[in-house]
Amino acid sequence: MKSTTAIFWKSFVKHPRYTGAIAPSSQRLAQGMLARTDLRTARFVVELGPGTGAFTASILAALPPGAELLAIERNPELASFLRYRLPRARVVCDDAANLERHLANRPHPPAAIFCGLPLSWLPARERTRILDVVADALPPGSTFTLFQYVHAAPTPPGQQVRRALQARFQHVERFPVWWNLPPAYVVHCIK
């Protein structure tokens with residue numbers, strides 16, 4: 001099995017728009033993604049765009065015994081790699097916009113959704129569809145956490161993401177994580 005760095009670079013070269021980064025996310029960014037979400041009583045959590053699992057391992061470590069993590073990854077190679085690397089996660093190879101298909105007939109809605117997708121880089125229609133599906137899937141009081149690179153936040157697509165989140169969530173806050181390549185904002189939203 002290839003290393004995390006090798007699989008990441010192969011994905012970046014083949015699909016730069018959907019990889020959306022020049023390096024795997026740092027442990028500091030993973031910690032930031034989980035900093036404001038209490039998963040101690042969660043039964044079910046979703047991760048969209050887990051890539052090589054930079055956040056997935058941290059999410060799994062924070063979940064209580066018996067809780068389930070559903071990770072939806074569009075890239076078949078990354079999905080296969082993630083299944084091998086973190087077998088405790090339920091990894092499906094699909095588009096994040098098809099989230100509702102994977103939530104049908106579940107006994108519990110997600111307590112939280114984490115997103116590693118490069119939303120600012122996605123076409124506006126695709127981004128809107130994903131955010132609509134996420135907002136519909138989350139019950140009141142649950143959270144949606146994503147990150148946005150510092151350089152992308154002030155761009156028109158970055159501002160569109162900010163406005164879209166404010167339209168769908170009651171509370172939206174962001175905080176910087178400088179120890180990442182490139183530096184990023186974690187955006188934490190409460191439904």
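**View 1. Helix 8 against the sheet.** Helix 8 (residues 156-168) lies across strand 5 (143-149), strand 6 and strand 7 (184-190), and runs at about 170° to strand 5. Axes here are lines fitted to C-alpha atoms, for helices over the stretch in contact (heavy atoms within 4.5 Å), and angles run from 0 to 180 degrees between N-to-C directions. Helices (H or I, at least four residues) and strands (E, at least two) are DSSP runs, numbered from the N terminus. The model is predicted, so that local features need pLDDT of at least 70 and side-chain atom pairs count only at pLDDT 80 or more, while totals for chains, interfaces and linings use all residues. Residues are numbered from 1 along each chain as its sequence is written, and side-chain values use heavy atoms, with hydrogens and water left out.

**View 2. The open sheet.** The sheet is formed by 7 strands in the order 3-2-1-4-5-7-6, with mixed pairing, where two strands pair if DSSP finds at least two bridges between them. Strand 3 (90-93) and strand 6 (171-177) are the edge strands, each pairing on one side only, and the twist averages 20° from one strand to the next.

**View 3. Strand 1 and its neighbours.** In strand 1 (residues 44-48), 5 of 5 residues are buried (under 20% relative accessible area, 1.4 Å probe, protein chains only). Strand 1 pairs in the parallel sense with strand 2 (residues 68-73) over 5 bridges, and 4 bridges join strand 1 to strand 4 (residues 112-115), also in parallel. Leucine 48 stands opposite isoleucine 72 in strand 2 and opposite cysteine 115 in strand 4.

Key. Buried < 20%, exposed > 50% of the residue type's maximum accessible area, 1.4 Å probe, protein only.
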